[in-house]
Amino acid sequence: MPSEDAAPQLDVDQILADPGVRIIVCCGAGGVGKTTTAAALALRAAEQHGRRTVVLTIDPARRLAQSLGLTELDNTPRQVKGIDVEASGGELHAMMLDMKRTFDDVVLQHTDPAKAAEIFANPFYQAMSSTFAGTQEYMAMEKLGQLHARGEWDLIVVDTPPSRSALDFLDAPARLSRFLDGRMLRLLLAPARTGGRSMFSLVTASFGMFSKVVQKVLGAQLLTDLSGFVAALDSMFGGFRQRAEQTYRILQARETAFVLVAAPEPDAVREAAYFAGRLREEKMPLAGLVLNRVHRPAVPELDAEQSRAAAERLTELGGHEATADVLRAHAALARQAVREQQVAARFTEAFPGVPSVSVTAQPADVHDVDGLRTIGAAISRP
């Protein structure tokens, strides 16, 4: 049977108390408890370690707001009241990413009001800022960069987007910045730089055929909207990539700690392993793995086979059905625990030096501050 002790233990309190750690990024597959873990870490940092902490979530279900007792969260940090920080002197603030508003703020910051109004009115921008693939992940990076630059927080805890793949958090910003700052868009911008003529009137030997092909693929109206969008963004070219690269460097720095979050399920552990490998390639600091929703039998020395055999014997004797049912339930739980250990061992075998901690499955979903404290204590004191 694989041992849960094979990997070194993750000391979460050491990370939370370290003044040199200013950013914790919780990442992993969707549905593994990233939002709850991020909130629990942020709460513990404020209450137990006296740090002025902000937690940034990208959770559209608003579970974070509910668990922290807030009626709503938006793009501005809101202080969480009613937590126990009297002794520590810490603070906890929370916010939920609004990717369109963040994109709007970027435009307002880097263009004049008239140009910003032109961009906001452009149909392509309206679609891109709300639904374009990669926009959410890019704007999560933008918001992280903004929070870091303000210097108001001892610790920023990021709950990464619920992407199809956790790697999208690292990949999408680069993809979007390349798109916004790429040759394709610069070529589309060229007509606007030649006296404001329409893209379709710029028919030359070098550009005419390209224009017709792109118009056929994208459609005339979309291409017109895109050309107008690119022309309006001319003053911002370079900025997207520059800020993405700057935030990327922050994520590689000693002040950042990545915490992988997974459940003892094959897909979730596989995703965590992919992410760990990518972090190693990119030289980003991986602090450890939090394995949520782990099942542990109350009597671990009684294995599944012994429990099943005892249940069968009691059934044969008769008059002990309640006890036999308990033994069968224990056998099922013991088998599940073994399966989970085997799944978790796949990560440990691939990354034996990465610290990890297991959190026992809770009887109910976490929906308040007390529940977050319980999770925080479980992560910190395995």
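Helices here are DSSP runs of H or I at least four residues long, numbered from the N terminus. With that in mind, Glu 305 and Arg 308 sit three residues apart in helix α14 (residues 304-317), so about one helical turn separates them. We will come back to that pair; first, a look at the whole.

**The whole chain.** Keep in mind that this is a predicted model. Show everything as a cartoon and you have 16 helices and eight strands to explore. Colour by burial next: of the 382 residues in the protein, 50% are buried. Switch on the surface, and you are looking at about 18000 Å² of accessible area, 53% of which belongs to carbon and sulfur atoms. Of the contacts between residues at least 6 apart in sequence, 77% join residues at least 24 apart.

**Helix α4.** Now select residues 99-110, the 12 residues of α4. From first C-alpha to last this helix reaches 17 Å, close to the 16 Å expected at 1.5 Å a residue. Just before it, pick Asp 98, which caps the N-terminal end of α4: one of its side-chain oxygens lies 3.2 Å from the backbone nitrogen of Lys 100. Then show the side chain of Lys 100, which meets that of Asp 104 in a salt bridge (3.3 Å, N to O). The two residues are four apart in α4, about one turn of the helix. Which of α4's residues are buried? Met 99, Thr 102, Phe 103, Asp 104, Val 106 and Val 107. Asp 104 counts as buried because its relative accessibility is 16%, under the 20% cut-off. Its partner Lys 100, at 30%, counts as partly exposed.

**Helix α12.** Move on to residues 239-252. At 1.5 Å a residue, these 14 residues should span 20 Å, and the end C-alpha atoms are indeed 20 Å apart. Buried residues in α12 include Phe 240, Arg 243, Tyr 248 and Leu 251.

**Back to α14.** Select Glu 305 and Arg 308, whose closest N and O atoms are 2.3 Å apart in a salt bridge. Is Glu 305 buried or partly exposed? Partly exposed, with a relative accessible area of 46%; Arg 308 is also partly exposed, at 31%. An α-helix has 3.6 residues a turn, so residues three or four places apart point the same way.

**More salt bridges.** The count comes to 16 salt bridges. Try Asp 74 with Arg 78, where the closest N and O atoms are 2.8 Å apart. Asp 74 is partly exposed at 23%, and Arg 78 is partly exposed at 31%. For a final stop, select Glu 47, Asp 370 and Arg 373, which are linked in a network of salt bridges.

Notes. Residues numbered from 1 in each chain as written. Predicted model: local features only at pLDDT ≥ 70, side-chain atom pairs only at ≥ 80, totals over all residues. Heavy atoms only, no water. Expected span 1.5 Å × (residues − 1). Buried < 20%, exposed > 50% of the residue type's maximum accessible area, 1.4 Å probe, protein only. Polar contact = N/O pair within 3.5 Å; in protein donor to acceptor, adjacent residues only side chain to side chain. Contact = heavy atoms within 4.5 Å. Areas by Shrake-Rupley, 256 points an atom, 1.4 Å probe, with all protein chains shown as cover. Salt bridge = Lys/Arg side-chain N within 4 Å of Asp/Glu carboxyl O.
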